[in-house]
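Got your viewer open? Let's take a walk through this one, stop by stop, with something to select at each.

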Amino acid sequence: MMKLILFLSAAILFIWRLLAAFKKRGPINNPKKQLLVVLGSGGHTTEMIYELETLDKSKYEFVFVVAATDKGSAGKAKKFMGTDACDLRLVPRAREVGQSYITSVATTLIAFVSSVKVVMSVRPDIILTNGPGTCIPIIVAGYILRFIGYRCSIMYSESLACVSHLSVSGRLAYYLADCFLVQWASLRTHYPRSIYAGRVPEDRTKSLPVVTAGGGDGTAIVTVGSTQFDELIKACDDRCFLKTLKDMGIKKIIIQHGSGKYVVSNIAGCCEVMKFSPELPSIVRTASLVISHAGAGTILDCLLNDVRMIVVPNENLMANHQVQLATALAEHGLLQWSRTSDLLNELQLKGTRPRTEFPKTPTPVFRSCVEDL
């Protein structure tokens, strides 16, 4: 009888704590909220930094979670904080870009153990994330923190790249996050709990102002980010491509090939070739032309700095959002896009199409949601 009583008591306690963990969090009364910000390589980090810039940094303490294999996010976090002494926590990546779902099970478990250690040591008031593979173990660890009685809210901001459907991380986080933001209004139809926080107008009939493209510094950049996209690099390694750029007044060409294996040979003596550079985002923002995979980070950098760009979606990626993103932005007149087979023709049309201006002022939704949690 005593064992039954103990068992029932333990079961009731477990259910009570489980229900408490899933209960929506009320507003935090701490004078300074502690934010645990999950960064991801490439576009995820760029998007998150742009969103964090809408916050009043004096009201928060920031701790950044960075994947151990991520070579660029730590530097962006330090630049955002204005100091090299910002609080960075490294965790194994749950899933690399292009990694199969089967093999990601083991890596996710390893990342989960590390994530629990980080969350338990930081005990954040709010977890902020926007979809890198690192985020799901962190979110689950946040629920463990809630289960044992600590207050921890979770806010998920879906990537700009997700136009018609959520990312894999987003589909999981939708049911776990206290606040779930999307950048495209169309997603709200299928995900009614989501909040629209995008800059592109909800009403597609509403026209954006036409922008007069700046001349830039005479540089053309071909970039594939942190992924492998040899088809794009090969398409640009062409003498006709080189001649077209020179006819457009381009004085310098930079080709960034990421983790690709294709070796630039046909125009190697006429361009600068690099695997990656932490200075690449700064170079992109002052360029005359950017030819890029449809990475959300590079696209945002170009749109916010009025840099003319041609987007070439990498259609080899799993759960690919790149074609949808390129199409949606092109429908608003914000950029041109092409497949690799038609890149040269699209390049020759570069100066013949008017381009609309991407809204520079961020919406207040992200800031308001953080303040309300």
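Start with the whole fold coloured along the chain: of the contacts in the protein with a separation of 6 or more, 69% are between residues 24 or more positions apart, where a contact means heavy atoms within 4.5 Å. One caution before you click on: this is a predicted model, so local features need pLDDT of at least 70 and side-chain atom pairs pLDDT 80 or more, while totals for chains, interfaces and linings use all residues. Numbering runs from 1 along each chain as its sequence is written, and side-chain values use heavy atoms, with hydrogens and water left out.

Switch to cartoon. You should find 13 helices and 15 strands; these are DSSP runs numbered from the N terminus, H or I of at least four residues for helices and E of at least two for strands. Now turn on the surface: about 17200 Å² is accessible, 59% of that on carbon and sulfur atoms (Shrake-Rupley, 1.4 Å probe, with only the protein chains shown counting as cover for residues). Of the 373 residues, 51% count as buried, meaning under 20% relative accessible area, with exposed over 50% and partly exposed in between (1.4 Å probe, protein chains only).

**Stop one: the sheet**

Select strands E9 to E14. They form an open sheet of six strands in the order E11-E10-E9-E12-E13-E14, with parallel pairing; two strands pair if DSSP finds at least two bridges between them. At the edges sit E11 (272-274) and E14 (336-337), each paired on one side only. Zoom in on E13 and E14, which pair in the parallel sense over two bridges, and you'll see Val311 with Trp337 of E14 as its bridge partner.

**Stop two: the largest core**

Show side chains for Trp184, Ile299, Leu325 and Leu329. These have the most contacts inside the largest nonpolar core, a set of 30 residues. Such a core is made of buried Ala, Val, Leu, Ile, Met, Phe, Trp, Tyr and Cys residues joined through side-chain atoms within 4.5 Å. Helices H9 (280-285), H10 (296-304) and H11 (322-331) and strand E13 (309-311) each give two or more residues to this core, and H10 has the largest share, six residues. Centre on Ile299: beyond residues up to four places away in sequence, Ile299 touches Ala294, Met309, Val311, Leu325, Leu329 and Leu335.

**Stop three: helix H10**

How many of the nine residues of H10 are buried? Nine of nine. The cover over them includes helix H2 (43-52), strand E9 (219-223), H9, strand E12 (289-292), E13 and H11. Just past the helix, click Asp306, whose phi is positive, near 55 degrees.

**Stop four: the cavity**

There is one cavity of 30 Å³ or more. On a 1 Å grid over the protein atoms alone, a cavity is a set of points where a 1.4 Å probe fits but cannot get out, and lining residues have an atom within 4 Å of a point. Grid points are joined across faces, edges and corners, and the volume is the space filled by probe spheres set on them; here that comes to about 250 Å³. Select Glu51, Gln183, Ala197, Arg199 and Leu300, the closest to the centre among 19 lining residues. H2 gives the most to the lining, with three residues.

**Last stop: Thr129**

Thr129 lies in strand E4 (residues 126-129). Why does Thr129 count as buried? Because its relative accessibility is 1%. Contacts beyond four places in sequence include Val38, Met48, Cys135 and Tyr156. Finish by drawing a C-alpha to C-alpha distance from Thr129 to Glu158: 29 residues apart in sequence, 8.3 Å in space.

Key
On a 1 Å grid over the protein atoms alone, a cavity is a set of points where a 1.4 Å probe fits but cannot get out, and a pocket is an open set with protein on both sides within 12 Å along at least five of seven lines; lining residues have an atom within 4 Å of a point.
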